Amino acid sequence: MKKRFHLTLTIAAIAGAALMIACDQIDEANALINASNQKVLEAQKIFEKANADSDVLLAGEVDDLKTKNQAKAKETIAAYEKAGEMFKAAAKDFDDAGKLKLSDKLKTYVGLKSKQLVKTGEYVASLKDGLQVLMSASVEDMEKKMNDYKTKNEALSKEVDDLAAQVKKFEDENKDIIK
């Protein structure tokens, strides 16, 4: 009886330790996800400002991008790059969370979110390419380069939308574990 009691206590202690480890891992994952969310919010602000600046630049003459608006265009290009890198940094936090001891469903979720953020970063960073084409392409090359840019940009946009739909579907199907 005494041995059984010790065995039961030992099993309970191991189970309690495993539960505590799992909770510590969940807490660590949540901390990484919260850090990622802060990066996403900051990246979105930079992205929105870059979009607004880009709209103003594109409302003007294309030749102005090479002359009087060149500094603002370069600043906007840098903002797109920075926002793209921030989305990718946010994805790394999800990757790091995925390496922790989590349930398979949570690992699937953080993996999807990471892919979504990486692709969002690629898409956002690619928006600079349109301005770069307008700033540097000759009149003869501009149409082809802009068509190439649009094709690439549309493909990235579709991938981002597809991943966002997958994440949304997963969240809807797993409301009990994703809060």
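A contact here means that heavy atoms lie within 4.5 Å of each other.

**Figure 1. The whole chain is an all-helix predicted model.** The chain holds five helices and zero strands. Read from the N terminus, its elements run α-α-α-α-α. Take the contacts between residues at least 6 apart in sequence: 77% of them join residues at least 24 apart. Of the 179 residues in the chain, 37% are buried. The chain exposes about 11,300 Å². Carbon and sulfur atoms supply 58% of that exposed area.

**Figure 2. Helix H5 and its buried residues.** H5 covers residues 139-173. The helix has 35 residues. From its first C-alpha to its last it reaches 51 Å, close to the 51 Å expected at 1.5 Å a residue. Which residues of H5 are buried? They are Met142, Met146, Tyr149, Asn153, Leu156, Val160, Leu163, Val167 and Phe170. What do these buried residues pack against? They pack against helix H2 (62-66) and H4.

**Figure 3. A salt bridge within H5 joins Asp148 and Lys144.** The two side chains meet at 2.8 Å, N to O. Asp148 and Lys144 are four residues apart in H5, so about one helical turn separates them. Is Lys144 buried or exposed? Lys144 has a relative accessible area of 55%, so it is exposed, the cut-off being over 50%. Asp148 is partly exposed, at 40% relative accessibility.

**Figure 4. A salt bridge within H4 joins Glu122 and Lys119.** H4 covers residues 104-136. The side chains of Glu122 and Lys119 meet at 2.9 Å, N to O. Because Glu122 and Lys119 are three residues apart in the helix, they are separated by about one helical turn. Lys119 is buried, with a relative accessible area of 15%. Glu122 counts as partly exposed, at 29% relative accessibility.

**Figure 5. Asp96 and Lys99 form a salt bridge.** How far apart are the closest N and O atoms? They are 3.9 Å apart. The pair still counts because the cut-off is within 4 Å. Lys99 is exposed, at 67% relative accessibility.

**Figure 6. Four residues share a network of salt bridges.** Which residues are linked? The network joins Lys49, Asp53, Lys72 and Glu75. Across the model, the count comes to 16 salt bridges. Among them are the bridges between Asp96 and Lys99, between Glu122 and Lys119, and between Asp148 and Lys144.

Terms used:
Residues numbered from 1 in each chain as written. Predicted model: local features only at pLDDT ≥ 70, side-chain atom pairs only at ≥ 80, totals over all residues. Heavy atoms only, no water. Buried < 20%, exposed > 50% of the residue type's maximum accessible area, 1.4 Å probe, protein only. Helix = DSSP H or I, 4+ residues; strand = E, 2+ residues; numbered from the N terminus. Expected span 1.5 Å × (residues − 1). Areas by Shrake-Rupley, 256 points an atom, 1.4 Å probe, with all protein chains shown as cover.
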